[in-house]
Amino acid sequence: MGGLAFITYSVFSWLQWHSYTIRSWDLGIFTQLAKDYANFRPPIVSLKGDGYNLLGDHFHPLLVILAPFYRLFPSAYTLLVVQNILLALSVVAVCNFAIKRLGTITGVCLGLGYALSWGLQSAVDSQFHEVAFAVPLLALALVALLEERWRSVWLWAALLVFVKEDLGLTVFVIGLVMAWRARSSAGLWLSVWGVGWFVLTTKVILPSMNPGDHWAYQSQLNIRGLLSDPGSLLQQDKVATVLLLVAITAGLCLFSPLTLIVLPTLAWRFLSDLPVYWGQEWQYSAVLMPVIFCAAIDALSRRKVLNSVRLRRLAGTAVLLIALVLTSQYAFGKLSDPSKNFPLTTAASSQNALAAVPDGVTVETDISLMSYLVDRTEVYWVGNKNPAPEYVLMDVSSRAGVVSTTTAAEAEQRFPGTRFITVFADGHYQVAKRQ
């Protein structure tokens, strides 16, 4: 099951990579981080800004694990493979536990449903993010919780605070659930660990490393806005996300207290004024998938109303069918027609534009090809205030039929006193070199 999941995720990533389909600038950002770690340097990521330490953006020291992989295979594509391995490992944990608790047929159905869950699909589609490390850690922690292996719960859950700062609150709730089930203080100490790291990272570590001397995302927790308008929680995308979380387990997750563990993640997302956090498109729901599927397995193994093998198999089959139906509406639905959804029409143009930029130079660019440049150049994002680069590469395809200045002329306007000449241009890209 884990192998099938890895192959599916990797086919999707390969099609994305070779069709030059980039979802965001984050793959480039984390590749620069991996490149620095692999060369025993702090993660100074120029895509976030000149001299920007990425540990001042989010707290994710566990990403140092990327270093040996990137050292062996220095490419942004390596991060996609690593993420697919991590997600597939979570499938192994969830599916193995489901089979042990519910039998082979039901367990396989739930494992497939989990592997195809829209949260994991969206994570693969949006390419690498730090939460890829949180997904298997959560799966292992929750499986250990349900098997009452309390030391293992502590081990796996405690590591989550080193993946992203908000996961400290998730660890807090895991600790409470553990304390309730174990009837011991070990769970409460886990909660203290989670809250302690959340406070330490958001009040001390992140502000000390951030250029603005504050936690960059604090302003997005708009509690005052919620109090003044409680109805904002009923915004369409927020309601849809909650309903889909329930739907992909056929409602089974509602019958387990483990489902409470999703609350911290949903809270910070729904309190934000940014609509991108509310829906299902990006990677933000990946950490919710192990929680609700482990909750569904817990409920299915305990509910007396489903105490027969036949009813459990029906429930497992329902979960799988729901996942298959929803797949057509999410990322993996694109696999039904790769030539249409991952066209190679711009591949030659992309390769030619990249060839116009030599190794070891500084480049300012948009998100179009940045992930293909970060391995061999120092890359800056055009949206920041940057030092004058040696090259500028821009996607100009959206300007078709529109009178506009050249990339070289725009670069001269951004960097007064410099002169750029065009060294490559076609209908898709322009590359300018500083004289």
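How many salt bridges does the count come to in this structure? The count comes to 9 salt bridges, and since the model on your screen is a predicted one, the tour below visits several of them as computed features before moving to the nonpolar parts.

**Salt bridges**

Begin by selecting Asp-36 and Arg-41, whose side chains meet in a salt bridge with a distance of 2.9 Å from N to O. If you colour by accessibility, Asp-36 will show as buried, at a relative accessible area of 8%, whereas Arg-41 is partly exposed at 38%.

Next select Asp-359 together with Arg-376, a salt bridge in which the closest N and O atoms are 2.9 Å apart. Asp-359 sits in the loop between helix H17 (347–355) and strand E1 (362–365), while Arg-376 sits in the loop between helix H18 (370–373) and strand E2 (378–381), so the pair ties together parts that are 17 residues apart in sequence. Asp-359 is exposed, with a relative accessible area of 57%, and Arg-376 counts as partly exposed at 25%.

Now move to strand E1 itself and select Glu-364, which lies in that strand and is linked to Arg-414 in helix H19 (residues 407–414), a pair that joins distant parts of the chain, 50 residues apart. Their side chains meet in a salt bridge of 2.6 Å, N to O. Because buried means under 20% relative accessible area, Glu-364, at 1%, counts as buried, while Arg-414 is partly exposed at 32%. To finish this part, select Lys-100, Glu-147 and Arg-149, which are joined into one network by salt bridges that share partners.

**The nonpolar cores**

Turn to the interior and select Tyr-9, Leu-66, Phe-128, Leu-258, Met-289 and Leu-393, which touch the most other members of the largest nonpolar core, a set of 129 residues. Helix H7 (residues 131–146) gives the most to this core, with 14 residues. Centre the view on Tyr-9 and, leaving aside its neighbours within four places in sequence, look for its contacts, among them Asn-84, Leu-87, Val-91, Leu-120 and Phe-332. A second, separate core has 7 residues, including Val-392, Ala-408, Phe-420 and Ala-432.

**A nonpolar patch on the surface**

For the last stop, show the surface and select Phe-172, Leu-176, Leu-188, Val-195 and Val-199, which make a nonpolar patch of about 370 Å². Helix H9 (167–182) and helix H10 (186–209) each supply at least two residues of the patch, and the largest share, 3 residues, comes from H10. Leu-188 lies in helix H10 and is partly exposed, with a relative accessible area of 45%.

Note on methods:
Residues are numbered from 1 along each chain as its sequence is written. This is a predicted model: local features need pLDDT of at least 70, side-chain atom pairs count only at pLDDT 80 or more; totals for chains, interfaces and linings use all residues. Side-chain values use heavy atoms; hydrogens and water are left out. Patches are made of residues with over 30% relative accessible area and no salt bridge: like charges are joined within 9 Å, nonpolar side chains (Val, Leu, Ile, Met, Phe, Trp, Tyr) within 5 Å. Accessible areas come from the Shrake-Rupley method with a 1.4 Å probe; for residues, only the protein chains shown count as cover. A salt bridge is a side-chain nitrogen of Lys or Arg within 4 Å of a carboxyl oxygen of Asp or Glu. Helices (H or I, at least four residues) and strands (E, at least two) are DSSP runs, numbered from the N terminus. Buried means under 20% relative accessible area, exposed over 50%, partly exposed in between (1.4 Å probe, protein chains only). A nonpolar core is a set of buried Ala, Val, Leu, Ile, Met, Phe, Trp, Tyr and Cys residues joined through side-chain atoms within 4.5 Å. Contact means heavy atoms within 4.5 Å.
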